[in-house]
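Let's take a walk through this protein together, one stop at a time. Keep the structure open beside you as you read.

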Amino acid sequence: MLTFCPHCSNMLLISAGDDNINRFYCSTCPYEFKITGLQIYDRKLLNRKEVDDVLGGEGTWDNVDQTTTQCPIDSCGGTKAYFFQLQIRSADEPMTTFYKCVKCGHRWKEN
């Protein structure tokens, strides 16, 4: 809720007053308004939406090449990964290589 000072029209800020009662106050003039019986905040938990695979969905990793590379997950120890390359930035930048570990399925990219 935004409230504004009736004297100087600046946005009012909120803080705990001297007597532990919350108050709206103006930072440029001495105006203050004590808050009694109002709820200061309301917390609402939002459900996270599923993230779509922006690189093509389920079929992206079908029929891609394999290469010998070390998986960045220490506990995996995989030495082979699927890979493909895309030009995702301007033409004068190098292609981005996307990897997926054959052993654990971890995904990472390198520029």
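**A walk along the strands**

Thr-96 lies in strand E6, and that is a good place to begin. With a relative accessible area of 0%, Thr-96 counts as buried, because the cut-off for that label is under 20%. If you leave aside the neighbours within four places in sequence, Thr-96 is in contact with Phe-84, Gln-85, Leu-86, Ile-88, Lys-109, Glu-110 and Asn-111.

Step along to Thr-97, which also has its place in strand E6, a stretch covering residues 96-101. Is Thr-97 buried or exposed? Its relative accessible area is 9%, so Thr-97 is buried. Beyond the neighbours within four places in sequence, the contacts of Thr-97 are Phe-83, Phe-84, Gln-85, Trp-108, Lys-109 and Glu-110. One of these partners deserves a second look: the side chains of Thr-97 and Gln-85 are joined by a polar contact of 3.0 Å.

Before going further, a word on what you are looking at. This is a predicted model. Across the protein chain the mean pLDDT is 82, and 81% of the residues reach 70 or more. Strand E6, where we started, has the highest confidence, at 89, while E1 has the lowest, at a mean of 84.

Now zoom out to the whole chain. The secondary structure comes to seven strands and zero helices, so that reading from the N terminus gives the pattern β-β-β-β-β-β-β. Of the 111 residues, 20% count as buried. The protein chain exposes about 9200 Å², and carbon and sulfur atoms supply 49% of that area. Among contacts with a separation of 6 or more, 19% involve residues 24 or more positions apart.

Next, follow the chain out of E6 to Lys-103, which sits in the loop between E6 and strand E7 (107-110). Lys-103 counts as exposed, because its relative accessibility is 60% and the label applies over 50%. Which residues does Lys-103 touch, leaving aside its neighbours within four places in sequence? They are Cys-76 and Gly-78. Cys-76 is worth a closer look here: its backbone oxygen lies 2.8 Å from a polar atom of the Lys-103 side chain. Along the chain Lys-103 and Cys-76 are 27 residues apart, yet their C-alpha atoms are separated by 7.3 Å.

Charged pairs come next. How many salt bridges does a search of the whole structure find? The search finds two. In one, Arg-23 pairs with Glu-32, and the closest N and O atoms are 3.0 Å apart. Glu-32 has a relative accessible area of 40%, so this residue is partly exposed. In the other, Arg-89 pairs with Glu-93, with the closest N and O atoms 3.8 Å apart. Arg-89 counts as partly exposed because its relative accessibility is 38%. Glu-93 is likewise partly exposed, with a relative accessible area of 31%.

Finally, travel back towards the N terminus. Phe-4 is found in the segment before strand E1 (13-16). Together with Leu-2, Met-11 and Leu-13, Phe-4 makes a nonpolar surface patch of about 390 Å². Ser-9 is also found in the segment before E1. Its relative accessibility is 56%, so Ser-9 counts as exposed. The backbone is worth checking at this point, since phi of Ser-9 is near 65 degrees, a positive value in a residue other than glycine. Most residues other than glycine have a negative phi.

Our last stop is Ile-14, in strand E1. Where does Ile-14 fall between buried and exposed? With a relative accessible area of 42%, Ile-14 is partly exposed, because that label covers values between the 20% and 50% limits. Ile-14 and Lys-34 are 20 residues apart along the chain, and their C-alpha atoms are separated by 9.6 Å.

Key: Residues are numbered from 1 along each chain as its sequence is written. This is a predicted model: local features need pLDDT of at least 70, side-chain atom pairs count only at pLDDT 80 or more; totals for chains, interfaces and linings use all residues. Side-chain values use heavy atoms; hydrogens and water are left out. Helices (H or I, at least four residues) and strands (E, at least two) are DSSP runs, numbered from the N terminus. Buried means under 20% relative accessible area, exposed over 50%, partly exposed in between (1.4 Å probe, protein chains only). A polar contact is a pair of N or O atoms within 3.5 Å; within protein, one must be able to donate a hydrogen and the other to accept it, and residues adjacent in sequence count only if both atoms are side-chain atoms. Contact means heavy atoms within 4.5 Å. Patches are made of residues with over 30% relative accessible area and no salt bridge: like charges are joined within 9 Å, nonpolar side chains (Val, Leu, Ile, Met, Phe, Trp, Tyr) within 5 Å. Accessible areas come from the Shrake-Rupley method with a 1.4 Å probe; for residues, only the protein chains shown count as cover. A salt bridge is a side-chain nitrogen of Lys or Arg within 4 Å of a carboxyl oxygen of Asp or Glu. pLDDT is the predictor's confidence in each residue, from 0 to 100.
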